[in-house]
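Take a moment to look over the sequence and the model shown below before reading on. The paragraphs that follow begin at a pocket, move out to the whole chain, and then turn to the interior.

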Amino acid sequence: GGPADAVASVLAALPASCGPRVARIPGVRAASNVTAVHRAAESALARLDANRQEALVTALLDDAGAAGHAVGGVVDVIRALEKRAVDHLILSPAILAWQPEAVDRIVYEALLERAEIEIARDAAAQRLDRAAEGIVARLRFAVPHARLARPRTAPRPRRRTGAAAPA
C-alpha cells in the first residue's frame with residue numbers, strides 16, 4: 001500500500017475518543033512545501049476547534065436548560081460567579097458590544113476564579129446569541145437555577161366575612 005493506506009491504518013488504530021480531535025488533510029504530501037503544510041494544518045485546526053466549540057456550547061446550553069452544571073444568560077452567569085462556581089466561560093462577540101460593562105465585570109470575576117475564558121466563533125456564537133444572551137458558563141458544581149426577583153405589589157385588602165354590609 002501507499003501513503004493513503006498508511007493514513008487509513010493510523011486513523012483506524014486510533015481510539016474512537018480521538019475522532020473529534022483528528023483531521024485528515026487531503027492534498028498534503030511528504031513532498032509538499034512547508035508553507036502549504038502550514039496553511040493546510042491551520043485550516044484543519046480551525047475546523048476542528050470550531051467543531052469542538054460548537055459541541056461544547058450545545059452541551060452547555062442543554063445542561064443549562066436542565067439546571068445542571070451550566071448556566072446561560074448574563075444574570076445567571078453573574079450569580080454563578082458570585083458563588084465562585086464558574087469553571088469555563090464562553091462569550092459571543094456580540095455581547096461584548098451589547099453589554100460591555102457587564103462583560104467587564106463578568107470577565108474580571110471569572111479571571112479571579114481562574115476560569116477558562118473563550119470567545120465563541122461562527123455557529124457557536126450565533127447559537128449563544130439566540131439561546132443565552134451571548135454567554136454561557138460551565139460550573140465547577142451545580143448551583144440552584146437563578147430566578148429573577150418579581151416586583152412586589154401592594155397586598156390586596158382582605159374581605160371581611162360575617163360583618164354587616166354598610167347601609
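In this model, which is predicted, the largest pocket has a volume of about 210 Å³. Its lining is made up of Pro-3, Ala-4, Val-7, Arg-24, Ile-25, Pro-26, Gly-27, Val-28, Arg-29 and Ala-30, and these lining residues can be sorted into seven that are nonpolar, one that is polar and two that are charged.

With the pocket located, we can step back to the chain as a whole. The protein has six helices and four strands, and if you follow these elements from the N terminus, you meet them in the order α-α-β-α-β-α-α-β-α-β. Of the 167 residues of the protein, 29% count as buried. A further view of the fold comes from its contacts: among those between residues at least 6 apart in sequence, 80% join residues that are at least 24 apart.

Next, consider the nonpolar interior. The largest nonpolar core has 20 residues, and the members that touch the most other members are Val-77, Val-86, Leu-89, Ile-106, Ile-135 and Leu-139. Helix 3 (74-82), strand 2 (86-91), helix 5 (100-112) and strand 4 (135-139) each supply at least two residues of this core, and helix 3 gives the most, with five residues. Leu-139 can serve as an example of how distant parts of the sequence are brought together, for, leaving aside its neighbours within four places in sequence, Leu-139 is in contact with Gly-68, His-69, Ala-70, Val-71, Ala-80, Ala-85, Val-86 and Asp-87. Apart from this core lies another, of 13 residues, which includes Leu-56, Leu-60, Ala-120 and Leu-128.

One residue of the second helix deserves a closer look. Gln-53 is found in helix 2, which spans residues 34-65, and is Gln-53 buried or exposed? Gln-53 counts as buried because its relative accessibility is 0%, and the cut-off for buried is under 20%. What, then, do the polar atoms of its side chain meet? One polar atom of the side chain of Gln-53 lies 3.2 Å from the backbone oxygen of Ile-119, and a polar atom of that side chain also lies 2.8 Å from the backbone nitrogen of Arg-121. If residues up to four places away in sequence are not counted, Gln-53 touches Glu-118, Ile-119, Ala-120, Arg-121 and Ala-124. Ala-120, which appears among these contacts of Gln-53, is also one of the residues of the core of 13 residues.

Definitions and conventions: Residues numbered from 1 in each chain as written. Predicted model: local features only at pLDDT ≥ 70, side-chain atom pairs only at ≥ 80, totals over all residues. Heavy atoms only, no water. Buried < 20%, exposed > 50% of the residue type's maximum accessible area, 1.4 Å probe, protein only. Polar contact = N/O pair within 3.5 Å; in protein donor to acceptor, adjacent residues only side chain to side chain. Contact = heavy atoms within 4.5 Å. Core = buried A, V, L, I, M, F, W, Y, C linked by side-chain atoms within 4.5 Å. 1 Å grid on protein atoms, 1.4 Å probe; cavity = no way out; pocket = protein on both sides within 12 Å on 5 of 7 lines; lining within 4 Å. Points joined across faces, edges and corners; volume = space filled by probe spheres on them. Nonpolar A, V, L, I, M, F, W, Y, C, P; charged D, E, K, R; others polar.
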